[in-house]
Amino acid sequence: MPEKLIKDYSSPGRKGFSLPELDVPDTPVNEYIDDKMLRREEPGLPEVSEVDVVRHYTVLSKENYGVDSGIYPLGSCTMKYNPKVNEDIARLDKLVHLHPYQDVEQVQGSLEILYELKQFLAEISGMDEVSLQPASGAHGELTGMLIIKKFFEEKGEKRTRVIVPDSAHGTNPASASMAGYKVIEIPSNQEGMIDIEQLKENMDEEVAALMLTNPNTLGIFEKDIGEIADIVHQEGGLLYYDGANMNAIMGYVRPGDMNFDVLHFNLHKTFSTPHGGGGPGSGPVGVKSFLTPYLPKPKLKKGQDRYYWDSECPTSCGKLHAFYGNYGVILKAYAYIRALGGKGLKETTENAVLNANYMKTHLKEFYELPYEANSLHEFVLSGSRQKEQGASTLNIAKRLLDYEQYAPTIYFPLVVKEALMIEPTETENLSTLNRFVETMKIISREIEESPELVKNAPHNTPVRKLDEAKAARKPDLRW
Ligand SMILES: Cc1ncc(COP(=O)(O)O)c(C=O)c1O
């Protein structure tokens, strides 16, 4: 039976607190607050005891699924389990109770953390300078695009277009467009990589940048990246790296060495904050030295013996976030990098790539693999064969929930029909991977034998199959 709402547990007079006897005069509230500001009626809050509250929310928490429950192979999102110690560090009293308006002299330790993190990220990516301001990957992309725009404005060049491959994450064209650029989409070739001829055809002196994820959203590394960079640079354009998938390359290759000029990170994917759910994120931006004058302001700098904010940045692209950026996420990333060190980060990459390839190898026998090229941290299967047998990719995703595992990303990237985009991440061990593979095999067998079973999934979850169209068109969001 579905859990009731907390208000349904309400019983008049029941309460979950007890206060000590008043030891001050009992003064009517309207002596402090103007009568006209006071509420006329009771707010109608549920009257419940402590045990009602604890049990209600415990039941709800058990109905939820998260990275603490099991595998969460949501491709492109890097939903990995992260060490809890990093959460503890992000909650240290001495860090969280600082006020952003405090004098910089009193927060030198905090600024040191930010400064060091900037240096770590520059080292990891091969960039010269980093800004921690942006609050998400997409926000980082927008910042990067504004930096590029400012650069060309200052040079007096009018460039109006940005090239984006069709396999790009949806935020890429959106960010370029928000920055005022016309987006040119170019198709991928048969291997799932950038079509060099298409790039050459579209590249001219009006193109400001090419935005690229490498490895791309199919998990495939653009092996011609050297040539791609040359084509763009020869026309005076810049190369933007979507660094959301750093767990595929850290310690092995650096975007800066691949000749990228600007990049963003997703600290909330790679560096210890799970992505998704609209929670807080952080999308720092890194640039090569010739672009540092255009970074967001104020810039954190190190003087002789103290850190300070420099607001004198006449060519900056502006301020993109208040205060220090999303400080909690930044702290977790700092703790994660310090704990793992260079060797640990490299091992993270190894495990992410190994896990994805292990799964791919075992699953391609049962599900179509549209692109055979070597993939890194994630891979894309197609449920086309199963669709013909009577159950779609959506049904497969729902059936996985019956087996108490989370589903991969579905129907993305758009270049693959009935796409299942799987990213096991580096934190899953062999038995978890095997369990997922086994379940996917069972589901493919179920579709062969009784597709209706899969079509009507989920059967065991607290909420059964939804009427998707009704949920989208007539969402019932009130009680
Ligand atoms: C490749 C890629 N680029 C950009 C983003 C956008 O990041 P955000 O969701 O933080 O805006 C994501 C998110 O998962 C991504 O996978």
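**Figure 1. S188 in the loop between β3 and α7.** In this predicted model, S188 is found in the loop that runs between β3 (182–186) and α7 (196–202). With a relative accessibility of 17%, S188 counts as buried, because the cut-off for that class is under 20%. The side chain of S188 is joined to the side chain of D166 by a polar contact of 2.4 Å. When neighbours within four places in sequence are set aside, the residues in contact with S188 are D166, S167, M193 and D195, so that D166 appears both in this list of contacts and as the partner in the polar contact.

**Figure 2. Polar contacts of the ligand.** The ligand is surrounded by 14 residues, and the closest of these are S76, G137, A138, D242 and H268. In the side chain of S76, an N or O atom is placed 2.7 Å from an oxygen atom of the ligand, and in the side chain of H268 an N or O atom is placed 2.6 Å from an oxygen atom of the ligand. For A138 it is a backbone N or O atom that lies 2.8 Å from an oxygen atom of the ligand. Taken on its own, the ligand has 390 Å² of accessible area, of which the protein covers 91%.

**Figure 3. Make-up of the shell around the ligand.** Two elements, α5 (137–155) and α9 (267–270), give two or more residues to the shell around the ligand. The largest share comes from α5, which supplies three residues. Sorted by class, the shell holds nine polar residues, three charged residues and two nonpolar residues.

**Figure 4. N374 in the loop between α10 and β10.** The view is centred on N374, whose place is in the loop that links α10 (327–363) with β10 (379–382). N374 has a relative accessibility of 68% and therefore counts as exposed, the cut-off for that class being over 50%. Although N374 and F221 are 153 residues apart in sequence, their C-alpha atoms are 7.7 Å apart in space. Apart from neighbours within four places in sequence, N374 is in contact with G219, I220 and F221, as well as with K360.

Definitions and conventions
Residues are numbered from 1 along each chain as its sequence is written. This is a predicted model: local features need pLDDT of at least 70, side-chain atom pairs count only at pLDDT 80 or more; totals for chains, interfaces and linings use all residues. Side-chain values use heavy atoms; hydrogens and water are left out. A residue is near a molecule or strand if one of its heavy atoms lies within 4 Å of it. A polar contact is a pair of N or O atoms within 3.5 Å; within protein, one must be able to donate a hydrogen and the other to accept it, and residues adjacent in sequence count only if both atoms are side-chain atoms. Accessible areas come from the Shrake-Rupley method with a 1.4 Å probe; for residues, only the protein chains shown count as cover. Helices (H or I, at least four residues) and strands (E, at least two) are DSSP runs, numbered from the N terminus. Ala, Val, Leu, Ile, Met, Phe, Trp, Tyr, Cys and Pro count as nonpolar, Asp, Glu, Lys and Arg as charged, and the others, Gly among them, as polar. Buried means under 20% relative accessible area, exposed over 50%, partly exposed in between (1.4 Å probe, protein chains only). Contact means heavy atoms within 4.5 Å.
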